[in-house]
Amino acid sequence: MHVFADPTNLDAYLSGFLWILKLTGASAVIALVLGVLLAAFRVSPVPVLRGFGAAWVNIFRNTPLTLIIFFCYFGLFSTLGLTLSDDLNLNNFWLGVVGLSVYTAAFVCESVRSGINTVPAGQAEAARAIGLTFFQTLRIVVLPQAGRAVVAPLGSVLIALCKNATIVGTIGLIEASSVMKQLINDNGDAVIPIFLVFAGTFAAILVPTGYFFGWLANRLAVKR
Amino acid sequence: MAQPGVDRPRFRDERPTGTVDDVTTGEPLIVLDGVNKYFGPLHVLDDVSLSVGKGEVVVVIGPSGSGKSTLCRTINRLEPIDSGTITFDGTPLPAEGKALAKLRSEVGMVFQSFNLFAHKTILENVTLGPVKVRKEKPAAARERGLALLDRVGIANQAEKYPAQLSGGQQQRAAIARALAMQPKAMLFDEPTSALDPEMVGEVLDVMTSLARDGMTMVVVTHEMGFARHAANRVIFMADGKLVEDAPPTEFFANPRSERARDFLSKILTH
Ligand SMILES: Nc1ncnc2c1ncn2[C@@H]1O[C@H](COP(=O)(O)OP(=O)(O)OP(=O)(O)O)[C@@H](O)[C@H]1O
Ligand SMILES: [Mg+2]
């Protein structure tokens with residue numbers, strides 16, 4: 001493959017996917033923490049928190065990710081002056097992470113909440129009846145039993161996040177899809193091979209991820 | 001109306017001798033005053049007033065849907081009420097938060113469906129509350145937990161998971177879990193209704209011994225034998241109202257309301 005034999009192109013290809021992995025990793029951690037917190041809000045006895053969680057989910061789940069990423073760049077950065085790093089690339093990276101995280105957190109929240117709903121209500125009632133607080137009930141009794149039901153949909157959310165990370169290319173971060181576009185522009189004779197290499201790389205990352213989450217879900221099965 | 005009891009010889013035969021009818025005790029522990037509760041348009045608790053003294057055992061009976069479970073659940077505020085007051089040991093029930101959690105730790109609750117924590121062993125079920133709520137040392141909680149499991153006769157099941165136990169054993173474990181919090185009162189919502197008949201006795205035995213030891217108990221049950229032998233008072237509910245409140249001998253021999261007579265005749269034909 002003459003295109004990837006060129007060291008400059010190979011470097012671009014590798015750094016493009018490195019950005020994707022970094023975007024995915026950072027956003028996954030933030031979205032997971034945020035999403036679990038939002039799910040806790042949504043099942044809490046406090047109406048204000050429930051409302052906040054519901055509003056978050058409805059706003060971010062129903063706005064196209066491209067718009068959210070654009071807003072992070074043109075709204076937060078250009079207009080409101082939010083600068084997350086002095087390095088131009090890193091600044092775009094972190095703006096992208098903000099957008100991906102708030103968006104993905106909505107999906108994490110709904111996955112966790114549907115997992116919580118698979119745990120019989122009597123479990124939380126018994127926990128409250130012995131005097132555990134709401135958060136203890138969630139942490140000690142409900143979430144551990146929701147594990148299996150949560151893990152499989154979370155895997156899908158993570159896979160979607162990794163693919164969605166390519167949208168950060170629209171605000172100037174040279175991630176994988178931007179590299180691909182550039183290589184296609186420069187090598188009109190090798191469009192199909194270039195495309196197959198990039199698609200194949202995503203598959204090579206994501207197919208094992210999917211299997212890993214399936215395996216994890218089975219391991220976490222709770223006997224009842 | 002016909003003389004109550006006349007057409008119900010089985011009841012008369014079963015009438016116990018030497019029950020605890022008139023052993024009513026000191027200050028009130030649980031006091032409900034003019035409690036109302038609605039589920040949407042449904043008036044589930046209709047101006048319910050009730051006082052349960054320390055050491056008293058009150059059995060609640062009534063037809064399905066009459067509000068017995070709801071009454072039980074309002075006492076530790078698993079269900080909030082719409083109006084009226086509920087006082088526990090001299091303090092009105094607190095709203096959601098730390099104070100409510102503390103109150104709940106002082107009121108044991110036993111559910112029809114056991115509700116043991118499915119991902120914890122029997123011993124962990126029993127020690128969870130003492131360790132996480134009472135901040136007891138794990139070793140001390142464990143020792144006391146084993147003693148309680150021994151008391152309810154399932155010490156040898158301590159390391160098993162709930163799903164590995166029979167219904168009767170699970171319910172006894174659930175009673176031990178509630179007792180581990182050293183509650184001032186215990187609420188039972190049809191503790192034997194989900195059990196196979198041959199397991200009912202072992203659970204009732206544990207409850208009877210608790211009653212003898214002076215535990216304050218509110219028990220929703222259809223086990224008339226238990227009501228006769230262990231209860232100080234029987235409360236009959238219908239349509240969310242507290243219709244009768246009498247010592248068991250008096251209630252079974254001479255129910256005053258038509259509803260209660262009707263109900264008793266129905267559960268006796270089975
Ligand atoms: N969470 C709820 N939402 C709406 N209605 C409810 C709820 N819980 C109970 N009800 C209704 O309130 C009424 C009283 O219910 P409750 O469970 O207290 O009756 P019960 O006397 O315990 O009956 P059973 O003998 O069948 O257990 C019933 O009509 C029931 O359908
Ligand atoms: Mg009931």
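Glu190(B) sits in the loop that joins strand S7 (185-189) to helix H7 (197-212) of chain B. The model is predicted, and in it Glu190(B) has a positive phi of about 45°, although it is not a glycine. With a relative accessibility of 14%, Glu190(B) counts as buried, because buried means under 20% relative accessible area.

Lys135(B) also has a positive phi, of about 55°, and is not a glycine. Its place is the loop between helix H4 (122-132) and helix H5 (138-151) of chain B. Is Lys135(B) buried or exposed? Lys135(B) is exposed, since its relative accessibility is 62% and the cut-off for exposed is over 50%. On the surface, Lys135(B) gathers with Arg139(A), Lys98(B) and Lys132(B) in a patch of positive charge.

**Salt bridges**

Over all chains, the structure holds 22 salt bridges. Three of them, each within chain B, are set out below with the distance from N to O.

| Pair | N to O distance | Residues apart in sequence |
|---|---|---|
| Arg233(B) and Glu56(B) | 3.0 Å | 177 residues |
| Lys184(B) and Asp89(B) | 2.9 Å | 95 residues |
| Glu159(B) and Arg142(B) | 4.0 Å | 17 residues |

The side chains of Arg233(B) and Glu56(B) meet in a salt bridge. This pair links distant parts of the chain: Arg233(B) belongs to strand S9 (residues 233-238), while Glu56(B) lies in the loop between strand S2 (42-53) and strand S3 (57-61) of chain B. Arg233(B) counts as buried at 13% relative accessibility, and Glu56(B) counts as buried at 3%.

Lys184(B) and Asp89(B) form another salt bridge through their side chains. Lys184(B) is in the loop between helix H6 (167-179) and S7 of chain B, and Asp89(B) is in the loop between strand S4 (83-88) and strand S5 (91-92). Lys184(B) is partly exposed at 37% relative accessibility, and Asp89(B) is partly exposed at 29%. Both residues also belong to a network of salt bridges, which links them with Glu27(B), Lys54(B), Lys102(B) and Glu106(B).

In the pair of Glu159(B) and Arg142(B), the closest N and O atoms are 4.0 Å apart. Glu159(B) lies in the loop between H5 and H6 of chain B, whereas Arg142(B) is in helix H5. Arg142(B) is partly exposed, with a relative accessible area of 42%.

**Chain A**

Chain A has 9 helices and 0 strands. Its C-alpha trace spans about 70 × 45 × 25 Å along the principal axes. Of the 224 residues in chain A, 45% are buried.

Which residues touch the most other members of the largest nonpolar core? They are Phe4(A), Leu23(A), Leu100(A), Ile194(A) and Phe198(A), in a core of 56 residues. The helices of chain A that each supply at least two residues of this core include helix H2 (7-43), helix H5 (88-117), helix H7 (134-164) and helix H9 (191-219). The largest share, 12 residues, comes from H5(A). In soluble globular proteins, nonpolar side chains tend to be buried together.

Val43(A) is found in helix H2 of chain A. At 28% relative accessibility, Val43(A) counts as partly exposed. From C-alpha to C-alpha, Val43(A) and Gly53(A) are 9.0 Å apart in space, and they are 10 residues apart in sequence.

Key: Residues numbered from 1 in each chain as written. Chains lettered and ligands numbered in written order. Predicted model: local features only at pLDDT ≥ 70, side-chain atom pairs only at ≥ 80, totals over all residues. Heavy atoms only, no water. Patch = residues over 30% accessible without salt bridge, like charges linked within 9 Å, V, L, I, M, F, W, Y side chains within 5 Å. Areas by Shrake-Rupley, 256 points an atom, 1.4 Å probe, with all protein chains shown as cover. Lys, Arg positive; Asp, Glu negative; His and termini not counted. Charge placed at Lys NZ, Arg CZ, Asp CG, Glu CD. Core = buried A, V, L, I, M, F, W, Y, C linked by side-chain atoms within 4.5 Å. Buried < 20%, exposed > 50% of the residue type's maximum accessible area, 1.4 Å probe, protein only.
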